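Student: Could you walk me through this structure, one question at a time?
Tutor: Gladly; let's look at the chain as a whole and then at some of its parts.

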Amino acid sequence: MICSGVRSIARVECILYLCGMFIREVKKQRSKKSGLYYQYNLVQATRVDGKVKQRTILYLGAEELMKESTSRNQVLSILKAKIFGQEVLFPGDISEEVKQLALSYFEKYCVKFGQSDLPVVSIPPAPKQAEFHNIDIKALEIEDVKSFGAENLCKQILDKLELEPCLKGLGLTPEQTTKALIAIAAKAIFSCSENKTAQILARNSELSACYKYAQRISHKQLYSAADLLYEHKSAIDDFLYRRVTDMFDLEDKIVIFDISNTYFETRKDGSKIAKRGRSKEKRTDCPIVVFTGVINSEGFIRHSNVYEGNTPDAKTLHEMIVELGKYSPLGTKQTIVMDAGIAIEENVDLVKKLGYNYVCVSRKRIGNYQLTNPSVLQMTDRHKQIIELSIFKPAGYTDTWMYVQSSQKRVKEQSMDIKLKAAFEEDMQSIQKALSAKSGTKKTIKVWERIGRIKQKHNRVSGQYEINVVEQNGNITEIFWTQKEKSTPKSDKENGVYFIRTNYENINEKELWSIYNTIREVESTFRCLKSDLQIRPVHHQKDSRIQSHIYLTILAYQLVNTIRHMLKQSNINYSWDRIKLIMTTQTMQTVFLTTDKKQIHLRKSSKPIQEVQDIYKATSCNSNTAATKKYVVYH
C-alpha cells in the first residue's frame, strides 16, 4: 500500500510537470530580527528558443494550509484541471478545505485573466480578446507627448458642473462655448498670461484635444472668451452657485464677506478703476484694483465685484448685501461673517437693519469689562493651540460678545510689538546721532519735525513712548525717550485677547467659535486666487479687460474648489498646486509601431499612478480615454 501511494503521488507530479505548471515556495524575512515565513506562487515553465523559461502566473499568498507539500500538490492538481478543463485526478483523496482554497485561487486567476466564461483558458489570453502583430522593436517610436492628467480631470469636472449647456443657453455658439471652457480650464491649470497659455495649448497640453477642438487657439481668442464670459457674469454666477449647492447638498446659511486687491506693473494713467490705495501686498509703488467676494462656508464664491483701487474696505459691504438678497433662496436667513477691516459700527448697524445675523471681530477694545460667565471654555484651534472662550454682554452694547484668549496670537502680537519698537528706537537713535554730528540736524524746529515724521511712520508703537529733549540757544543738545505704562486695552492685545461680536441671542461659545472659523475659508479662497491662480499682478491695459481677467480667475477658482471639495470628502486634503503636480505624471502620447505588414499609430494615455487613480476615484472621473488607432498599410 505504501508503494502504491508513492507511485500515485509520483504520477501526479509527473503529469503536472509535463503540463508546465508548479507551485513555488519562497522563503521570506521582513528583517534580520523577524521570523521566517513562506509565500507561494503559481509558476509556468515554457521552452523558448531551446531554453526553459519560468514566469509567475498567480500570487497565492501565505496560507498556512500550503505549508504541507501534499496540500500544495492537491491545490495544484485542482488548479490545473480547472484551467485546462480536465477532470481532477483522485478527487476522493482531497479534503474539502483544500478544495475551497484551490477554488478561491481559480477565481483569482479568472479575475486576473478575464477568461472565466471559456471552457479552456489559454495563457496569454485568447487571440479574439487581443490583437497580435509582429513588431519591429528597434523601429518603435513615441512622439507628441503632452500633459493629460489635469486636463482630463478639469474637463470632466466642468462637465459635471454642466457649464456647457449653461453657456449655450445664454446664446453662445458651440465654438464660443468650447473656447470659453478651454479658457477656464487653462486658467486653472497653467495660471499664466493669455499669450503664454496659447503657446502651452499648442505645444504642451492635450486640453484642446480633450474638447475635440483641432484648431490652434490664439491669445486674442482667449481674450475674447474671457470678455464673453464677463458679459454674462450675473447669469453664470447664479447658475454655477445653484449647481454646486445641488451637487453637494450644501446648506446656504452662512456667507463670508471679504475684500482684497491686486496691483499693476504699469502706471495705468488712463484707467478709471486702477488707483493708488492701501495694497495688501505692500506694493505702494503700484496702482491697484479692489475685488470683493461673498463666499459660503465651503469656499464657493456666490458673487464678486471689482472696485476702484482707492475704495475703502468698509464701503463695499452695502452693494454686496443687496446682491446677496437677489440670489438668496426665499425664507433663508443668512449669517454674514466679517473680519475686523469691514466690521465698522456703520456696517454692523447696516447688517442688523437689513435683517441678517452677523458674526465679526470687534474693531473696538473694551477697557473695563467683566465676564458674566465665570467658567471659561477651553478648546484647541486649527494649530492645536489652547484658546479660552467666554460669552458676555458688556455695558452699553445690545449684542453678544465673546472673549477670546489665544496663546498663538499672544506670541504673534508680542513678537510684532518687539519688532516695531526696535524699528522706532533705531530711527530715534539716528536723530540722536545727528545732534553730535558736524552737519547734523540740531535746530529745535527741525528736530521736532523729524520726530513727528518718525512718530507718524511708527504710529502703532510711537504712542507708547514719552519723548523729552534738552534745548539750548535754539538747538537741541540731548533727546530721551522712555516707554509709558501699558494701558489695559494694549495689555489685552499683547496677551492675545480679542473679541467676537454677534446679534445671536442664545448661542454658546462652541457654536459661535465654529461660525467664526468659517472665515478661514475666505483666507483659503483668496490665498488660492493670489498664489495658485496668480490673479496678481494684472498686465492688461483696458479696464474691461481687467474685469474679464479677474472674473476668469474666479471661474477657474470655482472649478478648483469643486475638485478640492470632492477630494476633502475622501479625506484627501491637497492644495491645488500639489494636485496639479500629481496629475502631471499622466501624459498622452502617440506610439508608432512598425509591423511586418503596416505601421500603427496609437494615441494613448499613460497608465495613472496610484495617487492619480485616488484623485480620479474621489472625483468619480474616468482615468483614461479610449485609445485611437490609425493604420498605414504598406504598398
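Tutor: Two residues are in contact when heavy atoms of theirs lie within 4.5 Å. Keep in mind that this is a predicted model.

Student: Among contacts between residues at least 6 apart in sequence, what percentage join residues at least 24 apart?
Tutor: We set aside pairs of residues that are fewer than 6 apart in sequence. Of the contacts in the protein chain that remain, the share joining residues at least 24 apart is 64%.

Student: How many helices and strands does the protein chain have, and what percentage of its residues is buried?
Tutor: The protein chain has 20 helices and 18 strands. A residue counts as buried when its relative accessible area is under 20%. Of the 635 residues in the chain, the buried part is 46%.

Student: Let's take one helix. How far apart are the end C-alpha atoms of α14, and what span should its residues give?
Tutor: Helix α14 covers residues 444–457, which is 14 residues. At 1.5 Å a residue, the expected span is 20 Å. The distance between its end C-alpha atoms agrees with that, at 20 Å.

Student: Within what arc do the buried residues of α14 fall, seen down its axis?
Tutor: The buried residues of α14 are T444, V447, I451 and I454. Seen down the axis of α14, they line one face of the helix, because they fall within an arc of 90 degrees. An α-helix has 3.6 residues a turn, so residues three or four places apart point the same way. The arc for α14, then, is 90 degrees.

Student: Which residues of α14 are exposed on the other side, and what do the buried ones pack against?
Tutor: On the other side of α14, the exposed residues are I445, R453, Q456 and K457. The buried residues of α14 pack against one helix and two strands: α13 (407–436), β13 (465–472) and β14 (475–483).

Student: Now for empty space. How many cavities of 30 Å³ or more are there, and what is the volume of the largest?
Tutor: Rolling a probe the size of a water molecule over the atoms shows where empty space is left. With a cut-off of 30 Å³ or more, the count is three cavities. The largest cavity has a volume of about 60 Å³.

Student: Which helix supplies the largest share of the lining of the largest cavity?
Tutor: The lining is made up of A183, A186, K187, C192, S193, E194, T197, L222 and L552. By class, these are five nonpolar, two polar and two charged residues. Both α6 (174–190) and α7 (194–203) supply at least two of the lining residues. The largest share, three residues, comes from α6.

Student: What classes of residue line the second largest cavity, and which element gives the most?
Tutor: The second largest cavity, with a volume of about 40 Å³, is lined by V255, F257, V294, L317, M320, I321, L324 and I336. By class, that makes eight nonpolar, no polar and no charged residues. Strand β5 (254–263) and helix α11 (317–327) each supply at least two of them. With four residues, the element that gives the most is α11.

Student: Is I254 buried or exposed?
Tutor: I254 lies in strand β5. Beyond its neighbours within four places in sequence, I254 is in contact with I295, N296, S297, T335, V337, I515 and T518. Its relative accessibility is 18%, and the cut-off is under 20%, so I254 counts as buried.

Student: How far apart in space are I254 and E298?
Tutor: In sequence, I254 and E298 are 44 residues apart. From C-alpha to C-alpha, their distance in space is 9.5 Å.

Student: What are the phi values of D144 and D249?
Tutor: D144 is in strand β4 (residues 141–147) and counts as partly exposed at 43% relative accessibility. D249 sits in the loop between α10 (233–248) and β5, and is exposed at 67%. Neither residue is a glycine, yet phi is positive in both: about 55 degrees for D144 and near 50 degrees for D249.

Student: Last one: what is the relative accessible area of Q586?
Tutor: Q586 is in the loop between α19 (576–583) and β16 (587–594). Leaving aside neighbours within four places in sequence, its contacts include S147, F148, G149, Y616 and N624. Q586 is buried, and its relative accessible area is 1%.

How values were computed:
Residues numbered from 1 in each chain as written. Predicted model: local features only at pLDDT ≥ 70, side-chain atom pairs only at ≥ 80, totals over all residues. Heavy atoms only, no water. Expected span 1.5 Å × (residues − 1). Buried < 20%, exposed > 50% of the residue type's maximum accessible area, 1.4 Å probe, protein only. Arc of directions from axis to C-beta. 1 Å grid on protein atoms, 1.4 Å probe; cavity = no way out; pocket = protein on both sides within 12 Å on 5 of 7 lines; lining within 4 Å. Points joined across faces, edges and corners; volume = space filled by probe spheres on them. Nonpolar A, V, L, I, M, F, W, Y, C, P; charged D, E, K, R; others polar.
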